[in-house]
Amino acid sequence: MEASSAMEIFSFHYAPRYHVADLRSKLHQEGLIPHLLEHVAGRKHGDFGVMVNSKWKCLKYSSLDNFCLKKLNKKWASQSHRVFYGFRKADLMIFSGYNSYAVNDKKHLRNVDQNGKPVTKLLIPGLPDESNYDRGATISSCFWKWKPKLDIHYEKSGSENVNSPSVLFLPGFGVGTFHYEKQLKDLGRDFRVWTIDFLGQGMSLPSEDPTRCKNAGNLGEENTLWGFGDQAEPWANELVYSIDLWRDQVQYFIEEVIKEPAYIVGNSLGGYVAVYFAACKPQLVKGVTLLNATPFWGFLPNATKSPTLARMFPWAGTFPLPSSIQKLTEIIWQRISNPGSIEQVLKQVYADQSTKFDKVYSNIVKTAQHPAAAASFASIMFAPRGQLSFREALSRCQVNNVSICLMYGKEDPWVKPVWGLEVKRQLPEAPYYEISPAGHCPHDEVPEVVNYLLRGWIRNLESRGSIALPLLDNPECIHHDFTRDLEFYREGSIRSVRVRFFGSRFSLWNRVSSLYQDLPGRS
C-alpha cells in the first residue's frame, strides 16, 4: 500500500471497543470517521488494520492477523515503530500496541514538554459506550456478613473471567463503591473486579443504632442520630472505625470472598489502607496501585505502639460518643453534610470543572442522611492511628518485594504532587505516572487514562516483565523521565491528558529545581 499520500491514518487494534478519530475537521465533515468506527465495532476477534486516505474519500481495510504474528513475534508493544517504518513519509500515522494508538503527525500532532522535549501522542480506548454497541461489564451489588450487625457492602464485575487476575478497589474517605463505577464497567471486561465500602461509610453503615438510652421510655422525643445514646449495644462494645479495622476488613474480604491474592488499588484513604494492608499481609497482595494516596491518617496515638501516650486520651472513637463530643459532632456535621458544602468540596478536588459528578454527589448526599453517619464520622475522626505509619508501611512493602505503582493527579489541592514525589523518592523502582489535568480522584476524572495504565501495569506483572510497562517504548525507558499526551474519545469529541513518567533515576532535588525554573518570571 502506497504511503506517500497527504493524509493517512493507519490504525491497528485488538478489540472492537476502541475509537479512532482524526483531529482535522475534514475527515469528520466527509463522514469517514463514523464509517471507520462502524467497521471497527464489527470485529469480534483478532487484529484489524485500517487505512484512511483523504484523497480516496473511501475506506480500505483488511485483516492483519498473520501479518502481526510474523512481524511482531509477540512483541508488538515495543516494536510497533519497526513494523511501520515503511510509512515514515505519511503526514499522520496511528499505530498501536495492545489497547493504545501511538500518533505521529509531523505538522499538527507533535508537541513538546516543559523541558522542550518532543511529546508523543497516544490515542487510547475510551470508556464503554452502549450507543456504539460497546457494552460495559455487568455490575452486581452484594452484602457480606462479616461480624454480627456488621454487613459489608461490595460490588463486583467480571465474575465470568475465571482465569483472570482479581483487582480490589478501595475508596477514599466519604465515598464508596459508587466511586469506581467506571472501573467496574470497563476493567470488568478483562479482570475480576471488586470494590468495597469501608465499615462506617457508604452502604456499610450499621443497620441499627449501636447505642441505646437507659431512660429511652421516658424520653419525650427520640434522637434521630444513632450513636448518641448512653451505652453501647453488646455488638458495638469495642467498635471503632479505625484504619486497623479497615485493614482487617480487607484481609477477611480477600480470604473469604475473593479467595485468592489480588491487586489492590486505593484512592486517598483507600491508598493508605492498601499500603498498610500489603505491609501486614503481603502474601495476599499481587501488587498495589496508589491513586493520590493520603500519606497520613489518624490524630490520636495507637494504643499498641504508644500505650502510655494513648492512655492520656480518655476517648478514642468508641461508642457511645461522650456528651461533649456529641454536641461538637452535631455542629460540625450540620455544616459538612449540607448538600451545598458537599458540592463545593467536589468542585475543589476535580481539576476539570466539566467533569460530571452527579452520581457521586447524589450518593454522598444520600449517605450523609443516614442516621448513623454523624456518629460514624466522629468515630473515624477520633480513631487512633495505625500501628504503622505510611512511610513505615512503604518500607515494609519494599522489604517484602510488593510491587507498587503510582498514579497521581497533578492538580490535587489536598495530596499535592510533592507527596507522590516523596513516595517515588522512597521507592525509586516504582513506576510513577503524573496525570494532568487531574485532581484528587483521577480514576473518576480521567478513568480512560487510569484504566489504560492499570491494564498495562497488571499485564506487565502477570507476564513477569515480558510485556512492557504502559507508555514505555523499550526497557531502557524505565530509567528516564518522559512525557506523553494521551488522547481518548468521550461524548463525541477528543479529550487530551498529559502524563509524565518518572524513571528509576528520578531525583527529587532535580524535580524541585525544574519546577522552580518553570515558575512565572523565571527565564
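Which residues are exposed on the other side of helix 11? In this predicted model, D358, K359 and K366 are exposed there. The buried residues of helix 11 are V360, I364, V365, T367 and A368. Seen down the helix axis, these buried residues fall within an arc of 160°, so they line one face of helix 11. The cover over this buried face includes helix 9, helix 10, helix 12 and helix 15, the last spanning residues 442–445.

Helix 11 also takes part in the second largest pocket. Helix 9 (323–336), helix 10 (339–349), helix 11 (358–368) and helix 12 (373–382) each contribute at least two residues to the lining of this pocket. Helix 10 supplies the largest share, five residues. The volume of the second largest pocket is about 1,100 Å³. Its lining consists of 38 residues, of which F173, G174, V345, F377 and W414 are the closest to the pocket centre. By residue class, the lining holds 24 nonpolar and 14 polar residues, and no charged residues. Helix 9, helix 10 and helix 12 thus appear in two settings: among the elements that cover the buried residues of helix 11, and among the helices that supply at least two residues each to the pocket lining.

A one-sided arrangement is also found in helix 13, which comprises residues 390–399. Here the buried residues are F390, A393, L394 and C397. Their arc around the axis is only 100°, which puts them on the same side of helix 13. Among the elements that cover these residues are two helices, helix 7 (269–280) and helix 14 (417–426), and two strands, strand 15 (285–291) and strand 16 (404–409). Just after helix 13, N401 adopts a positive phi of about 60°.

These elements belong to a chain with 17 helices and 19 strands. Of the 523 residues in the chain, 54% are buried. Among contacts between residues at least 6 apart in sequence, 69% join residues at least 24 apart. The accessible surface of the chain amounts to about 24,400 Å², and carbon and sulfur atoms account for 51% of this area.

Technical notes
Residues are numbered from 1 along each chain as its sequence is written. This is a predicted model: local features need pLDDT of at least 70, side-chain atom pairs count only at pLDDT 80 or more; totals for chains, interfaces and linings use all residues. Side-chain values use heavy atoms; hydrogens and water are left out. On a 1 Å grid over the protein atoms alone, a cavity is a set of points where a 1.4 Å probe fits but cannot get out, and a pocket is an open set with protein on both sides within 12 Å along at least five of seven lines; lining residues have an atom within 4 Å of a point. Grid points are joined across faces, edges and corners, and a volume is the space filled by probe spheres set on the points. Helices (H or I, at least four residues) and strands (E, at least two) are DSSP runs, numbered from the N terminus. Ala, Val, Leu, Ile, Met, Phe, Trp, Tyr, Cys and Pro count as nonpolar, Asp, Glu, Lys and Arg as charged, and the others, Gly among them, as polar. Buried means under 20% relative accessible area, exposed over 50%, partly exposed in between (1.4 Å probe, protein chains only). Contact means heavy atoms within 4.5 Å. Accessible areas come from the Shrake-Rupley method with a 1.4 Å probe; for residues, only the protein chains shown count as cover. The arc is that of the directions from the helix axis to the C-beta atoms.
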